[in-house]
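User: Could you take me through the salt bridges in this model, and then go on to the aromatic pairing and the empty space inside? I'd like to know who touches whom and where those residues sit.

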Amino acid sequence: MHDDDLAKLRGLFEQIQSLPPELRDEVLAEACEGEPELERQVRRLLGMQTRVASRQAEGERPPAPARYAAGDVVGNYELVRWVGKGGMGEVWEARHRTHGMRVALKLVQREAYDAGPPGAIAHEFLQLAEKRHDHIVRVHDAGVHDPDGDPVPWVAMEYLPGAKSLTAHAYDRALAVRARVELFRDVCSAVAYVHAAGQVHLDLKPDNMLVDATGRAYLTDFGIARPVLGWYVDRVSGTPGFISPEHLVGDIDRIDKRADVFSLGAVLFRLLTGEDPHGLEGDASVAERLEAARRPPRALRDARPELVD
């Protein structure tokens with residue numbers, strides 16, 4: 001997307017965002033008459049800003065109570081301990097009711113699977129079980145949980161005791177640069193494996209790169225990895241601060257595995273410097289991200305000159 005197009009998109013986005021919600025549809029439709037792609041991109045950005053604001057609000061109040069409870073049965077698994085809530089839904093430590101295998105069981109929230117029916121999403125999870133790589137979290141099982149007429153896809157994944165995000169592991173242990181790069185290299189090998197299979201991840205970030213208690217790195221959350229399709233890109237927004245400019249604005253024709261490569265670069269920059277490549281804070285607005293997309297990211301030598309010979 002050219003700078004002029006990006007500036008036009010940002011200007012219209014800010015104009016529509018400033019309006020009362022009940023006026024936005026009418027004004028946007030009129031402003032984008034004859035330009036359906038521009039309207040689609042503005043709507044995507046409005047949705048992304050809503051999710052950003054929601055995450056910020058969640059961070060300012062106590063976590064909402066879990067929808068499920070220890071002892072609930074999902075498929076062949078019994079929920080044992082609530083682990084947390086991420087972009088796709090709740091995560092629980094669970095155990096298989098027959099042979100006792102411990103798993104990380106993720107119950108996917110509706111907002112994360114608007115792209116298709118729960119059964120189809122569960123089927124895609126099962127296809128991921130065929131993937132075998134030393135640095136990809138294994139998928140053991142998947143299905144649909146429907147105790148009260150509200151079907152929810154779930155996936156049972158390899159359980160990693162004591163796992164932390166890539167950056168948290170590196171910071172907590174004050175790892176040397178070489179050790180950080182070696183962990184990152186292992187994650188890159190997992191991404192390359194997925195790309196070779198014709199898929200992209202589109203949400204590469206430190207929280208989806210885990211390091212277990214033994215110091216082994218894994219790539220996770222491949223429940224959202226698929227071939228690039230327009231309807232899919234509109235529904236999977238990724239994480240601002242780690243997605244490419246093309247992914248940010250939903251430029252479908254230009255989103256491919258290079259979007260993942262951009263995200264890897266953003267992760268590596270943060271892993272080595274502790275900072276955003278554009279110098280933005282974590283709560284930066286979508287408009288600020290759009291403005292940043294018009295300029296190149298900072299060079300590593302500017303943030304940490306001692307790392308560059």
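Analyst: Searching the whole of this predicted model turns up 17 salt bridges. Let's start with glutamate 93 and arginine 81, whose closest N and O atoms are 3.0 Å apart. Glutamate 93 belongs to strand 3 (residues 89-96) and arginine 81 to strand 2 (residues 77-85), so this salt bridge ties together parts that are 12 residues apart in sequence. How are the two partners placed, buried or exposed? Glutamate 93 has a relative accessible area of 9%, so it counts as buried. Arginine 81 comes out at 40%, so that partner is partly exposed.

Next up is arginine 289, which pairs with aspartate 276 in a salt bridge, again with 3.0 Å between the closest N and O atoms. Here arginine 289 is in helix 10 (residues 286-292), while aspartate 276 is in the loop between helix 9 (257-273) and helix 10, so the bridge ties together parts that are 13 residues apart in sequence. For arginine 289 the relative accessibility is 9%, so it's buried. Aspartate 276 is at 3%, so it's buried as well.

Lysine 205 and aspartate 203 make another salt bridge, with an N to O distance of 3.8 Å. Both of these residues are buried. Then there's a little group to look up on your screen: a network of salt bridges links Arg10, Glu14 and Glu291.

On to the rings. How many aromatic pairs does the count give? It comes to one aromatic pair. The partners are tyrosine 77 and tryptophan 154: their ring centres are 5.8 Å apart and their planes sit at 70 degrees, so this is an edge-to-face pair. The cut-off behind that label is an angle over 60 degrees between the planes. Along the chain, tyrosine 77 in strand 2 and tryptophan 154 in strand 6 (residues 152-158) are 77 residues apart, so the pair links distant parts. Tyrosine 77 has a relative accessibility of 2%, so it's buried. Tryptophan 154, at 4%, is buried too.

Now the empty space. There are two cavities of 30 Å³ or more in the structure, and the largest cavity holds about 170 Å³. Its lining is made up of 16 residues, and nearest the centre of the largest cavity are Gly241, Ile243, Phe262, His278 and Arg289. You've met arginine 289 already, as the salt-bridge partner of aspartate 276. Helix 8 (245-249), helix 9 and helix 10 are the elements that give two or more residues to this cavity's lining. By class, the lining of the largest cavity splits into 11 nonpolar, three polar and two charged residues.

Finally, have a look at the second largest pocket, which has a volume of about 170 Å³. Which element gives the largest share of its lining? That's helix 9, with six residues. Among the residues lining the second largest pocket are Phe262, Gly265, Ala266, Leu268, Phe269 and Leu272, along with Pro277, Pro297, Arg298 and Leu300. Phe262 thus turns up in the lining of the second largest pocket and also in that of the largest cavity. In this pocket lining there are eight nonpolar residues, one polar and one charged.

Technical notes. Residues numbered from 1 in each chain as written. Predicted model: local features only at pLDDT ≥ 70, side-chain atom pairs only at ≥ 80, totals over all residues. Heavy atoms only, no water. Salt bridge = Lys/Arg side-chain N within 4 Å of Asp/Glu carboxyl O. Helix = DSSP H or I, 4+ residues; strand = E, 2+ residues; numbered from the N terminus. Buried < 20%, exposed > 50% of the residue type's maximum accessible area, 1.4 Å probe, protein only. Phe/Tyr/Trp six-rings, centres within 6.5 Å; stacked < 30°, edge-to-face > 60°. 1 Å grid on protein atoms, 1.4 Å probe; cavity = no way out; pocket = protein on both sides within 12 Å on 5 of 7 lines; lining within 4 Å. Points joined across faces, edges and corners; volume = space filled by probe spheres on them. Nonpolar A, V, L, I, M, F, W, Y, C, P; charged D, E, K, R; others polar.
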